[in-house]
Amino acid sequence: MQWELIDGDDTQTSGSTGWAVSLGGSAVNNGRGQLVRSGTNAQLFRTTFPTARTQNVEDAEKHKARLAAALGLDRTQRVLDVPVSIHQANPCSKPGYVPTRWNGTEWVNEVALSNLLYGWSEGRGVQLLNAGLESDCHLTSVSFSSAEGCKSILAFGRSNHTLGLMSLYDDSSGALAVPTPRFEILHPSPVACLSWRPVCTIRPSKSLLHPGIPVKTEDLLVGDELGQVYYYSVEWPERWEVEHHDWAGDMTLLARIAVHSQQICGLAWSQNGEVFASGGNDNLCCLFEAAKILESDHGGHNTEGQLQLESSTALPARTTRQETSEAETEIQLPETNSQVRDLRPGAEKHRWMHGAAVKAIAFCPWQDNLVATGGGSNDKCIHFFHTSSGAALASISVSAQVTSLIWSTTRREIAATFGYAQPDHPVRIAVFSWPECRQVAAIPWAGDHRALYAIPYPEWVCGRIGGGKD
């Protein structure tokens, strides 16, 4: 996107605000005391990563080569021939890196390893929560519901097209039994990524016992390998309600968004839940307004070319897959002619083209209308956009595939992790200031490992990094 630099007074209010939208015309402040509007490119900043390896790194590589020669190892293969099934997942949907979260009582964590889903909590330790029966069925993504909802709903997607919803605290026996999924949905294509809305939505309950009573519901975005984004509403009663009323809750498909043409690589919500962004393998990042997606959520009429919204409720998975047939546990999504809202290109508020796939998306927690995106191997930049106007504010060239972005909650800084570097450099984690786009820190890694994903600790300025190599 191109924006023109304008001379004259800007609307920057103070050093603490960083930047603000201009009150005159359509121009916006780029955070550095300049107004921009449609016309020219956003300013490009370059990093100062070292391209030469240090002597220690060179010595380590020579030592590895000598060991490989002595042991007769093929270093190009880089995988030992052991009887363990190792799945090579798509770079846009790497399994195994998931949030740690505070559920109000204790820390809980979910880890996906191949086709196995593990849960960990301070009180219960490690549990095997779910195992895929198919050897080639691997977990692609996992995500916890909002902290505001206090439900600790875990959504997990698999390569066999299934989406499951469960909770660590759904063991009916009270003896730390492994919970079973309440819902399992069969999607048209493999699930690629998941994202819960950070705020709850009040909707009429679909309980058979007390229908219509206002209750808190959670909103879930599901992206698949065909480029579709599905928008679900989830009503999740407490366990005692499930046992007392024999009703597991409700999962309703509200909208099907078909704006991307290839796999969905990233999904992210703003802090207030008003907008969300999707990144695809088609080099496109799109911004959507939740209110526009849900404008017919209470019976309104849609515009031409969009289907009228009705609920499409999934039945609960009351038994495990071992106890019943696939048809009884997996619920087919409605076809395109069903009464679910279909959104096509043009439904997005803004679209930003990149030079490669967009996996990393992060909304700023302390500055409204600011989002950062990261491009893949042919883009190698961190881009900053103004969500209200769509203005491209700045870009930082990092000479590497951007795999994740995390805004600090206490400093005006953003952290980034990197995959493949070109030209080659050892830096895999870096921190930049905003709006100066100045490199604050750079952390090199030895060897050829890539940083695949990173997540922040809630309420802290630290994170966990998932590394790997092909």
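Hi everyone, let's start with one pair of residues: I264 sits across from G280 of strand 19. One thing to keep in mind as we go is that this is a predicted model.

So what surrounds that pair? Strand 18 and strand 19, the latter covering residues 275-280, are antiparallel and joined by five bridges. They belong to an open sheet of four strands, ordered 18-19-20-24, with antiparallel pairing. Which strands stand at the edges of this sheet? Those are strand 18 (264-269) and strand 24 (350-353); each has a single partner strand, so one side of each has no neighbour in the sheet. From one strand to the next, the twist averages 15 degrees.

Now to the charged side chains, which I suspect this group will enjoy. Side chains of opposite charge can pair when their charged atoms come close. How many salt bridges does the model have? The count is nine, and I'll walk you through three of them.

Take R197 and D219, whose closest N and O atoms are 3.2 Å apart in a salt bridge. R197 is in the loop between strand 13 (191-196) and strand 14 (201-204), while D219 is in strand 15 (residues 214-224), so this pair ties together parts 22 residues apart in sequence. Are these two residues buried or exposed? Both R197 and D219 are buried.

Next comes R351, which makes a salt bridge with E348 at 2.7 Å between the closest N and O atoms. R351 is partly exposed, at 38% relative accessible area, whereas E348 counts as buried at 12%. Back to R197 for a moment: through salt bridges with shared partners, R197, R203 and D219 form one network.

The third pair is R239 and E243, with a salt bridge between their side chains of 3.3 Å, N to O. These residues are four apart in helix 2, so about one helical turn separates them. R239 is partly exposed at 25% relative accessibility, and E243 is partly exposed as well, at 46%.

Let me finish just before that helix, with P237. This proline lies in the loop between strand 16 (229-235) and helix 2 (239-245). Why does P237 count as buried? Because its relative accessibility is 8%, and the cut-off for buried is under 20%. Beyond its neighbours within four places in sequence, P237 contacts R182, V242, W247, A248 and G249. As for S207, 30 residues away from P237 along the chain, the C-alpha atoms of the two are 9.1 Å apart.

That's my tour, thanks for listening!

Key
Residues are numbered from 1 along each chain as its sequence is written. This is a predicted model: local features need pLDDT of at least 70, side-chain atom pairs count only at pLDDT 80 or more; totals for chains, interfaces and linings use all residues. Side-chain values use heavy atoms; hydrogens and water are left out. Helices (H or I, at least four residues) and strands (E, at least two) are DSSP runs, numbered from the N terminus. Buried means under 20% relative accessible area, exposed over 50%, partly exposed in between (1.4 Å probe, protein chains only). Contact means heavy atoms within 4.5 Å. Two strands pair if DSSP finds at least two bridges between them. Axes are lines fitted to C-alpha atoms, for helices over the stretch in contact, and angles run from 0 to 180 degrees between N-to-C directions. A salt bridge is a side-chain nitrogen of Lys or Arg within 4 Å of a carboxyl oxygen of Asp or Glu.
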